[in-house]
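Q: I am new to this structure and would like a close look at a single part of it. Could you start from one residue and work outwards from there?

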Protein chains: 2
Amino acid sequence: MTNASASGLVPDDQPIQIGAIVYPNMDQMDLTGPFAALSRLPNTTFQLLWKNTQPVRDFHGFQITPDASFADAKPMEVLLVPGGPGQNELMEDEEVLGFIRAQSERVKILFTVCTGSLLLGATGLLKGRRATSYWRTTHLLKYFGAEYVNERVVADGKFVNAAGLTAGIDGAIRVAAMLRGEEAGKRIELDLQYAPEPPFNCGSPDKAPAELLAISKQAGADLTARRLVVAKRVATKLGVRVDD
Amino acid sequence: MTNASASGLVPDDQPIQIGAIVYPNMDQMDLTGPFAALSRLPNTTFQLLWKNTQPVRDFHGFQITPDASFADAKPMEVLLVPGGPGQNELMEDEEVLGFIRAQSERVKILFTVCTGSLLLGATGLLKGRRATSYWRTTHLLKYFGAEYVNERVVADGKFVNAAGLTAGIDGAIRVAAMLRGEEAGKRIELDLQYAPEPPFNCGSPDKAPAELLAISKQAGADLTARRLVVAKRVATKLGVRVDD
C-alpha cells in the first residue's frame with residue numbers, strides 16, 4: 001500500500017462526493033466501517049446507491065435504505081463497492097457492471113471491500129492488476145485476470161481493495177489520507193478511537209489455529225463453491241484463461 | 001475484562017434475542033460493528049428498536065430503520081446501547097431511560113458502546129460500577145457515580161462498556177464469547193477477518209501525537225461542553241456529588 005502524502009488528491013476547498021453501491025444480501029460491515037471513516041472527511045458527502053430507492057436487507061437482516069438510484073447519482077470522486085454473499089448474482093448483472101465501469105472512468109478512487117473486489121473483477125477492470133479480497137475468496141481473483149497480493153489493503157492505480165469486512169476500516173482510513181492528506185487520515189483514526197484489541201488474535205487464516213480454520217472453511221464451503229461457478233463463467237466471458 | 005469461558009451464558013439450543021436502541025444523531029458505527037459480530041452468533045436474532053419505526057439518521061446522515069417500537073420489542077437476552085451526539089438529549093428522556101431500566105432487570109448482558117455508557121449512566125445503573133466510554137467523555141462517568149477504568153472493554157456484572165466507535169467490535173466479540181463460549185467468539189473474529197492494521201497507530205489519546213490530540217480536542221470542545229452541562233444536571237437528579 002502506497003502514498004499517504006502530506007497533501008491529498010483533492011484540495012480541501014473542493015468538495016468530495018462519495019457513492020456506495022448497496023444491494024440485497026451484501027454485508028453491511030463492508031459499507032458501514034468505511035462510511036464511519038469517510039463521512040468524517042471535511043467537505044465530503046455520501047450517497048448510498050442502488051437500482052432504486054427501496055430498502056434492501058443485508059445478509060444478516062440489517063435494513064439499508066438507498067439515498068438515490070443509479071440514474072440519480074451525483075457525479076462522484078469515489079465509488080465504494082462493498083461485498084457480501086449477494087455479490088455473486090451481481091457479477092452477471094449488466095446494469096450493475098455497467099454502472100461500475102462508467103464510474104471508473106470518472107472517479108479518483110474506486111474502493112472495494114471484501115468480495116466487492118470480485119464484483120469489480122467481473123467488470124474486467126482488474127485484469128493485470130494487483131488485488132485482494134475476503135480471505136475465503138482470494139483464490140478467485142485469478143479468474144478476473146488479477147494477481148492476488150496477501151496484504152490487508154492493496155492499491156493499484158485508482159483501485160483500492162481491502163480484505164474482508166473489518167479491513168474496510170483500515171482501507172477507508174488510507175483512502176481518506178489519499179484524498180485529503182495524511183493529517184486527515186490521522187484525525188479520523190483518532191476520532192474513531194481505532195486502537196483495536198482483537199480478543200483472540202485469530203482474525204486471519206495465518207493467525208487462526210488449524211482446527212478453527214478447518215471448521216470455518218467447512219462452514220463457508222457451499223457459498224465458496226457457488227462463487228467459483230460464477231467466477232469461471234465470468235472468466236470465460238472476459239477471455240481469462242485459468243489452468244486448474 | 002473477564003471470563004470468556006469454554007461454555008457461555010446461554011446454551012446453544014436456547015435462542016438469543018438481541019435488542020439495540022437506535023436514535024437520531026447516534027453514530028451508526030457503534031451499532032453496526034457490534035451487529036456484524038453478534039448477528040453471526042448461532043441461533044440469534046436482532047431487533048433495532050426506537051420509540052417508533054420511522055427511519056432515523058445517524059450523525060453523518062446514514063439512514064437506519066428500526067425493526068420495532070419499544071412497545072413491540074421481543075423479550076431480549078442482550079440490550080445494546082450505542083452512542084453518538086444524539087445521546088445527549090436522551091439522557092433526560094424518561095421514556096428511553098425507563099426502557100433501559102426495565103430491560104436491565106431481564107437481560108443477561110447490557111452492552112454499551114462509546115457514549116452509550118453516558119446514557120446508561122443517566123439511568124443510575126452505573127452507580128458504584130467500573131465503566132468506560134469514548135475517550136472524549138471518560139471524565140463524565142463520575143457524574144453518574146461510575147469509576148472510569150482505562151481499558152478498551154470494561155465488564156462489571158451484567159454491564160459491558162466498550163470505548164469509542166471501533167471498540168464496539170472488540171466488545172461485541174467478547175460479548176459473543178460470554179454468551180456462547182470462547183470458540184464462538186473465535187469463529188466470529190475469523191469470519192470478520194478481524195486482524196486490524198491501523199494505518200497511523202494514533203487511535204487513542206495515549207498513542208496520538210500531542211499536536212493531533214490538541215486539534216482533535218479543540219474540534220470536539222463544544223459538544224463535550226454540552227455533554228458536561230447535561231451530565232451535571234443528571235448528577236444532581238441522581239444524588240451524585242462531584243467535587244470539581
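**A close look around one phenylalanine**

A: Let's start with B:Phe111, which touches B:Pro34, B:Leu38, B:Leu79, B:Leu80, B:Val81, B:Val160, B:Ala162, B:Gly168, B:Gly171, B:Ala172 and B:Val175, leaving aside residues up to four places away in sequence. Contact here means heavy atoms within 4.5 Å.

A word on the ground rules: this is a predicted model, in which local features need pLDDT of at least 70 and side-chain atom pairs count only at pLDDT 80 or more, while totals for chains, interfaces and linings use all residues. Residues are numbered from 1 along each chain as its sequence is written, chains are lettered from A and ligands numbered from 1 in the order in which they are written, and side-chain values use heavy atoms, without hydrogens and water.

B:Phe111 belongs to a bigger picture: the largest nonpolar core has 174 residues, and those with the most contacts inside it are A:Leu31, A:Phe111, B:Leu31 and B:Phe111. Such a core is a set of buried Ala, Val, Leu, Ile, Met, Phe, Trp, Tyr and Cys residues joined through side-chain atoms within 4.5 Å. Buried means under 20% relative accessible area, exposed over 50%, and partly exposed in between, using a 1.4 Å probe and protein chains only. In soluble globular proteins, nonpolar side chains tend to be buried together.

Two of the residues that B:Phe111 touches, B:Pro34 and B:Leu38, are among the buried residues of H1(B), as is B:Leu31. This helix, H1 of chain B, spans residues 28-38 and is mostly covered, with eleven of its eleven residues buried. Helices (H or I, at least four residues) and strands (E, at least two) are DSSP runs, numbered from the N terminus.

Further along the sequence from B:Phe111 comes B:Cys114, which is buried, with a relative accessible area of 3%. The sulfur of B:Cys114 is too far for a bond, because the closest cysteine sulfur, in B:Cys202, is 17 Å away. A disulfide is a pair of cysteine sulfur atoms within 2.5 Å, and a search of the whole structure finds zero of them over all chains. In the other chain, A:Cys114 is in no disulfide either, and its nearest cysteine sulfur, that of A:Cys202, is 17 Å away.

How do the two chains relate? Chain A can be laid on chain B with an RMSD of 0.0 Å by a turn of 180 degrees and a shift of 0.0 Å along the axis, so the copies are related as by a two-fold rotation axis. The superposition is by least squares on the C-alpha atoms of residues with pLDDT of at least 70 in both.
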